[in-house]
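Student: Could you take me through how to read the strands, the crossovers and the unusual backbone geometries of a model like this one?

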Amino acid sequence: MHQYQLIFHRDRSLEIEGKQSEVVLIRTWASSYCKRVELALKLKGIPYEYVQEDLANKSELLLHHNPVHKKVPVLVHKGKAIVESLVILEYIDEHWNNSPILLPIDPYQRSKVSRKSLCQIALENFVVGSRNVVPLINTKEGTLSIIVSKGEAQEKAIEDMIELLRVFENGIKNDFPGKLPFDDQNLELLDIIVSTNACNYQAFNEAVAVVMSPEKTPTEFFLWVNAFKGHPLIKDTLPPHDKLVAKMKRKFFQSL
């Protein structure tokens, strides 16, 4: 099990210049985009502090460090802000180049991981994150079509999602032979992205509809995700189940 420094919560009015740590993460507790950054920091053993952001009442701190997009996560390292979760993950891996290495050194293998990181197509909307619900309602595939539909329409939307997962599983098998089953000794960038999205499937099942289950989900993908759930650092990073269920119900069904 990797060791990492305890994280100290600071009030959202924190002055970054007065922080104790060189690394500060501006985040929300439920966002899978933020969770992937937290997991990478823990895997690398990087001491950090976090600032809990309220996206309904954005702080001056967030607006100062991400004035264009005004979104989390934001990683502030020695006063310099890095935004967008995938960019942050690459920054972490390149700046702290100690083991574990998150991205392959070989350029071709690295490009394959970057392409598969577009598992956002199938996975990034799989659980509640920090993104707005309304602009995505019209997508033909993904969880929002499941959320806004009922009966046969919802079953069709679930089938579409399962098909996306099947395509993703086949892509993993083709591009990364041996990736399945999960090797819990060697978490990499793709593992980070998948685990922080898909490991909350039980909360989505409870709050909205059953999408992932042994009967419905591609077998090896389902086993992969459940193996992630047993990893100590992933378990430590995932949001609390009951709290996430309550947030999903409020966000999805009060926003529509």
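Tutor: We will go through one strand and its partners, and then some backbone details, keeping in mind that the model is predicted.

Student: To begin with burial, how many residues of strand β2 are buried?

Tutor: A residue counts as buried when its relative accessible area is under 20%, and for β2, which spans residues 23–27, this holds for 5 of its 5 residues.

Student: Which residues of β2 lie on one side, and which on the other?

Tutor: Both faces of β2 are covered, with V23, L25 and R27 on one side and V24 and I26 on the other, and these residues, R27 included, are all buried.

Student: How should I read the pairing, and which way do β2 and strand β4 run relative to each other, parallel or antiparallel?

Tutor: Pairing is read from the bridges between two strands, and here 4 bridges join β2 to β4 (residues 74–77), the two running antiparallel; within this pair, I26 stands opposite V74. With strand β3 (residues 49–52), β2 also shares 4 bridges, but these two strands run parallel, and the bridge partner of V24 in β3 is E49.

Student: What does the chain pass through on its way from β2 to β3?

Tutor: The chain crosses through helix α1, residues 32–44, and the resulting β-α-β crossover is right-handed.

Student: Turning to the peptide bonds, where are cis bonds found, and what is omega there?

Tutor: A cis bond is recognised from omega, and one such case is the bond from V72 to P73, where omega is near 5°; P73 lies in the loop between α2 (60–65) and β4. Another cis peptide bond joins S99 and P100, with omega about 0°, and P100 belongs to the loop between α3 (85–95) and α4 (107–116).

Student: What is phi at K70, and where does this residue lie?

Tutor: K70 is not a glycine, yet its phi is positive, at about 55°, and the residue lies in the loop between α2 and β4, the loop that also holds P73. As for its surroundings, K70 has a relative accessible area of 34%, so it is classed as partly exposed.

Student: What is phi at E84, and is that residue buried or partly exposed?

Tutor: E84, which is likewise not a glycine, has a positive phi of about 75°, and its place is in the loop between β5 (80–83) and α3. Its relative accessibility is 32%, and E84 therefore counts as partly exposed.

Key. Residues numbered from 1 in each chain as written. Predicted model: local features only at pLDDT ≥ 70, side-chain atom pairs only at ≥ 80, totals over all residues. Heavy atoms only, no water. Buried < 20%, exposed > 50% of the residue type's maximum accessible area, 1.4 Å probe, protein only. Pairing = 2+ DSSP bridges. Right-handed = clockwise from strand over helix to strand, strands pointing away.
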